[in-house]
Amino acid sequence: MNCPNGHGTMPVKTINKEVLFREITVSVPVKQHVCPRCGLEAGTVQETAETQRTVSEAYRKAVGLLTGADIVRFRKKMHLTQPQLAEKTGVGVASIKRWEGGLIQTKSMDKALRNVFWGTAKEDTYTGNRTFFIPRVKLVLVSYENLFNKKLLKPENKMLFSAKYLWYTDMVAYRENGQSMTGATYAALPLGPQLNNYRDLIKDIIAADITSAEPLTSEEQKTIAKITKAFPRKWDVYNAAHREVIWQRRAVGEVIPYSDAGQLTQI
Ligand SMILES: [Zn+2]
């Protein structure tokens, strides 16, 4: 592509842009040709379509709807073809194709999809579709301690940092796999998201036998590794948690439901 002002070729650049879409501002990477001399920006039809898809994905993530990529991933996990998912959801196959491609599904259609993926009865937004099990909490924390080669779980620090690693672990696992890792419920406390009733739990967590916990799947290990990379120091995870709107907007002591996981911004 050449600059219409006669400056020759315009190289492709990826620029992060804030886009206002349906009253929500999303930050998305946009691929554009930029003239190095006059700064003129232009995109091909394909690039514009790609940007629209990226905005649609970011928007759906921000408002807690399944993204196109989510729909593809969960459909494949269940070994369903597009026509099979359409039949189970009660829609035409064209709808499935459009949602996977970038068209935004309604809230009720989103619910219908979730019912197919996880079942109505199973969806539990306080535990993230898993029964709370204290040894699993310890297993997750021990995994972090091993990766960091540092002790996280200390009775005297009131789980200030360990609870934030746990919170991100459970929320990201729920967002990406539809199930939390520990089944814990989290509340919004003044110093950040915290394990609900942590004072009553901390002794039991420290005393728990991790061999009684279900081992971590490879997907779960990947989630933990990703969080370790994103928040290598305890203050990273502390500060990130405080930047999360899903914590900020809750009243003190209020539960932060797993259904908010799609709105995490720091990871
Ligand atoms: Zn130019």
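In this predicted model, the buried residues of helix H3 pack against three other helices: H2 (68-77), H4 (93-101) and H5 (107-118). Helix H3 itself spans residues 82-89, and its buried members are Gln-82, Leu-85, Ala-86 and Thr-89. These four lie on the same side of H3, because they cover an arc of only 105° around the axis. An α-helix has 3.6 residues a turn, so residues three or four places apart point the same way. The opposite face of H3, turned away from the buried side, carries the exposed residues Pro-83, Glu-87 and Lys-88. Just after H3 comes Gly-90, which takes a positive phi of about 80°.

**The chain as a whole**

The protein chain contains 11 helices and five strands. Its C-alpha atoms fill a box of roughly 70 × 50 × 35 Å, taken along the principal axes. Of the 267 residues in the chain, 47% are buried. Among contacts with a separation of 6 or more, 67% are between residues 24 or more positions apart. The chain exposes about 14,000 Å², and carbon and sulfur atoms supply 54% of that area. It holds 38 positive and 26 negative charges, and the mean positions of the two sets are 3 Å apart.

**Domains**

The domain assignment divides the protein chain into domain 1 (12-62), domain 2 (68-118) and domain 3 (134-263). The C-alpha centres of domain 1 and domain 2 lie 25 Å apart. Where these two domains meet, seven residues of domain 1 are in contact with nine residues of domain 2.

**Positive phi angles**

Glu-23 and Met-159 are treated here together with Gly-90. Glu-23 has a positive phi although it is not a glycine, and the same description applies to Met-159. The table lists the residues with their angles and places.

| Residue | Phi | Place |
|---|---|---|
| Glu-23 | about 70° | loop between strand E1 (12-21) and strand E2 (24-34) |
| Met-159 | about 60° | loop between helix H6 (134-148) and helix H7 (162-177) |
| Gly-90 | about 80° | just after H3 |

Is Glu-23 buried or exposed? Its relative accessible area is 77%, and a residue counts as exposed over 50%, so Glu-23 is exposed. Is Met-159 buried or exposed? Met-159 has a relative accessibility of 0% and therefore counts as buried, the cut-off for that class being under 20%.

**Lys-234 and its surroundings**

Lys-234 is found in helix H10, which covers residues 234-243. Why does Lys-234 count as partly exposed? Its relative accessibility is 40%, which lies between the limits of under 20% for buried and over 50% for exposed, so the residue is placed in the class between them. Leaving aside neighbours within four places in sequence, Lys-234 is in contact with Phe-161 and Tyr-165. Lys-234 and Gly-253 are 19 residues apart along the chain, and their C-alpha atoms are separated by 23 Å.

Notes. Residues are numbered from 1 along each chain as its sequence is written. This is a predicted model: local features need pLDDT of at least 70, side-chain atom pairs count only at pLDDT 80 or more; totals for chains, interfaces and linings use all residues. Side-chain values use heavy atoms; hydrogens and water are left out. Helices (H or I, at least four residues) and strands (E, at least two) are DSSP runs, numbered from the N terminus. Buried means under 20% relative accessible area, exposed over 50%, partly exposed in between (1.4 Å probe, protein chains only). Contact means heavy atoms within 4.5 Å. Accessible areas come from the Shrake-Rupley method with a 1.4 Å probe; for residues, only the protein chains shown count as cover. Lys and Arg count as positive and Asp and Glu as negative; His and the chain ends are not counted. The place of a charge is taken as NZ of Lys, CZ of Arg, CG of Asp or CD of Glu. The arc is that of the directions from the helix axis to the C-beta atoms. Domain bounds come from an automatic or database domain assignment.
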